[in-house]
Amino acid sequence: MQYEAVIGLEIHAQLLTETKIFCGCSTKFGSDPNTQTCPVCIGMPGVLPVMNRKAIEYVVRTGLSTNCEIPLLSRFARKNYFYPDLPKGYQISQFEMPLCGEGFVDIIVEGDHRKIGLTRIHLEEDAGKNIHAEHGNESFVDLNRAGVPLMEIVSEPDIRTSKEAVEFVKKLRAIVRYIGVCDGNMDQGSLRCDANVSVRPVGEKELGTKAEIKNMNSFRFIEKALDYEIKRQIKALRDGERIIQETRLWNTDKGITESMRSKEEAHDYRYFPDPDLMPIELEQSWIDGVRGGIVELPDTKRERFISDYNLPEQDADLLTSEQSMADWFEQAVDLGGDSRSVSNWIKGEMSRLLNDDNKLIEDCTITPGLLVGMLSLIDKGTISGKIAKTVFEKMYRTGKEAAVIVEEKGLVQMSDESGIEAIVDDILSKSPGEIERFKGGDAKLMGFFVGQVMKETKGKANPKIVNELLRKKLK
Amino acid sequence: MELYRLGIDEARTALDKGEISPVDLTKAVLDRIEAVDEKVRSYVTVAGERALRQAADAEILLKEGKKQTLLGIPLAIKDNICTKGVKTTCSSKILENFVPPYESTVTKRLNDQGYILTGKTNLDEFAMGSSTENSAFGLTKNPWDFERIPGGSSGGSAAAVAADECMAALGSDTGGSIRQPAAFCGVVGLKPTYGRVPRYGLVAFASSLDQIGPLTKNVKDSAVLMNIISGHDIYDSTSADVPVPDFTSLLGQDIKGMKIGVPAEYFIEGVDSEVQASVKEAIQKMESLGAVPVEISLPHTEYATATYYILATSEASSNLARYDGVKYGLRVEGDDLIDMYMKTREAGFGAEVKRRIILGTYSLSSGYYDAYYKKAQQARTLIVQDFEKAFESVDVIVTPTTPTPAFRAGEKTDDPLQMYLSDIFTISVNLAGAPAISVPCGYTSNNLPVGLQIIGKHFDEASVLKTAYAFEQATEWHKRKPEL
């Protein structure tokens, strides 16, 4: 029997507000434990939450960017459970009336377009962090993160493969970064992803029993964890076992998912409307204002790049995956760079160098102007494409203009025919044996002669002229 | 003159004229506490030294000509309202040594007017109760009869005012916790409209019902305190951003032609005959002042107690989850995390608090939510509508504050339902969110005070206070004092 997987994702995205959701404490990451706390976010007796308006706006902005319905009335609810990192003993979240209703995002997987439905997007507060001592039994609680606004995006079970799941998360990450509501940083946990996974025989309409997979903090782990889990469930069914509804953790070291708790032990969260917060009543004009402020989104930009800049789809995909990269590209083109060449340089050398240094394009020393300057040197024949790679890396390291680097290093291409001819003649006079063999039919030796000339000129000889001269003289 | 007998308004006049000094006044009140509190036990914490320091400061400021409504006036605060640097226990073992690092909005507003904190008054643990017998720190006595309870949960505040252990006090009222003890102790107690007074710093029992209000020796003092504590607070989203009138300005206006609603459902069998008689006499008195009694109906009254005990306990079960031994308050070590939670809460909470947490947890549980919590919300809406409809034809509503006068200590402790029924006349008002006052309107043959409840429209405390003041000034009841 053939099985298919049914996957729904829950994405938690920390919002980029300056302050926490219900108090004025900073949301900055990485400070000393419990230095960004106040009576409100540590749940002192008698304190009350006050809603951060920016957080509401960010969630609505996300909803509008993902085709969600935005109801005019929304409410906050308490999710009750005990845990040391949850200072009030309940999390303020949303239950029956989330800020955003149904929506969707489009993804492309191996050339196929897929529409993935969103069930809802709601706003809630993050919990703190439990820290367990390396030695001994002690545990500590850091509440700096408690009360950081968190947006939960819930997808429909529309995803069928781990690749689709990854593309979906990538797309959402690109969107939240474009619209400036979340930094999308998966290492630091500002974007987290849980998956509900079940399998069923192909053609079956009923859903199988699902497992919830947590702790997948990179695209690679999402793909690996889901692939593992799908295989595990299919094998279990084939072996005649029953799938248990449970929460499973991805174990990176072992490369497997492991059972954390079963449904039987699961909490009854006793949701009820939070009496400390008034219902959120939005005005249509305000929603329209938020909509009006949304930047061009990745999908629209991608289409425009294909049609306006005549780029291949893959190039457009890459360039629009990050707003900063798309902006960089467009600046270079505006300065006169050829769109294909600019794209090729970004895809190739630039990406390689940035990856090696783990840097983002916005931190790159090469500005669009520097690249365009170098491209014009290639066009004019001042440097060859090969030399350009060396120049590019020098620009990357020093931030100097290409012309300056070429000047300093003496990298100007040698196009003076008589000068090159003298060198060619010299090489040929030293290689009577090779000439003999070449004329005898060993065509590969052409490469040897070119190589010798290049070596002699330190790579600066114009390759076109070298080839022409050699061909003439070896007739 | 016995300085401790003074109320706020009288003390202000005497202080401003230089007839008395803040230090003398504060000493007089502290001496009074020293003399009688061993018997009455109104206070959980007496902040004597702090009060004297404040008084000395006030004395200087007063001489410098500083004008503040409460400058140099000693007030008591219920021990579930956070006072920075002064222990706030909620009369619970779980917060026995809890010293708030922040100030509640109401006490901040009192501070801004120069008040002197005498100390923190006893209550039923976490304000859950009607007799103050649920305190972990001892029984408060009714100053009129030490065999009897002062009411609750603001029993300490009411007793302290009645026994002249402060000029006035703040309490909190979730289902009658200001008005019922005010009635039992023969003082004035006002529960403002929900949202009128900020709750920031009031340790939550039932967030959608809790409201802070004054307990005072006369109606005018309640108006004075309301002027100070009312108004929107950026730290409380449920506090209403509506204008605050000068509540003292309507005092003294006559009540001629005012329509006084008398709900049939509040004059029923089971109400003590002396209480009934006192309240009826009070209505006649108001009629003689020109008011027009109108018979009205609040048909869903009978559902109020059940509705209240579902909603209040549901909210409480969540509000009290933070007392888990992790961050502050009591911790009893256990074998593991769950064991620590259980041992801490087992040792830290009293029986009534546990009962209510269990009831509320049950009402919110999956499978029961619709039958209990949701149903109760619907019933609450009907009760709100009862009042809206009644107020279409009347200006205020009058009822007995309580069905009986103060009962004996221990009389109802074994029967929670009987205890809950002592609030039947006050609970609906919290569910409706309306303002209501209790003023003394008579004494039983045993010399126990009887309270008259005057209920107003939302944010119309001014009419409530005006009516109460007119009644008070036409009677002598508020002048009686218990023999101590």
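1. In this predicted model, about 2200 Å² is buried between domain 1 of chain B and domain 2 of chain B, and carbon and sulfur atoms give 67% of that area. Buried area here is the accessible area (1.4 Å probe) that two parts lose on being put together, summed over both. On the domain 1 side, Ile94(B), Met128(B) and Tyr420(B) lose the most area to domain 2, together 32% of what that side buries.

2. Domain 1 covers 3-257 + 394-479 of chain B, and domain 2 covers 302-373; such bounds come from an automatic or database domain assignment. Taken over C-alpha atoms, the centres of the two domains are 27 Å apart.

3. Contact (heavy atoms within 4.5 Å) involves 26 residues of domain 1 of chain B and 25 residues of domain 2 of chain B.

4. Between the two domains of chain B, eleven residue pairs are in polar contact, both residues at pLDDT 80 or more. A polar contact is a pair of N or O atoms within 3.5 Å; within protein, one must be able to donate a hydrogen and the other to accept it, and residues adjacent in sequence count only if both atoms are side-chain atoms. Zero salt bridges are found across this interface, the rule being a side-chain nitrogen of Lys or Arg within 4 Å of a carboxyl oxygen of Asp or Glu.

5. Residues are numbered from 1 along each chain as its sequence is written, and chains are lettered from A in the order in which they are written. Local features need pLDDT of at least 70, while totals for interfaces use all residues; side-chain values use heavy atoms, without hydrogens and water.
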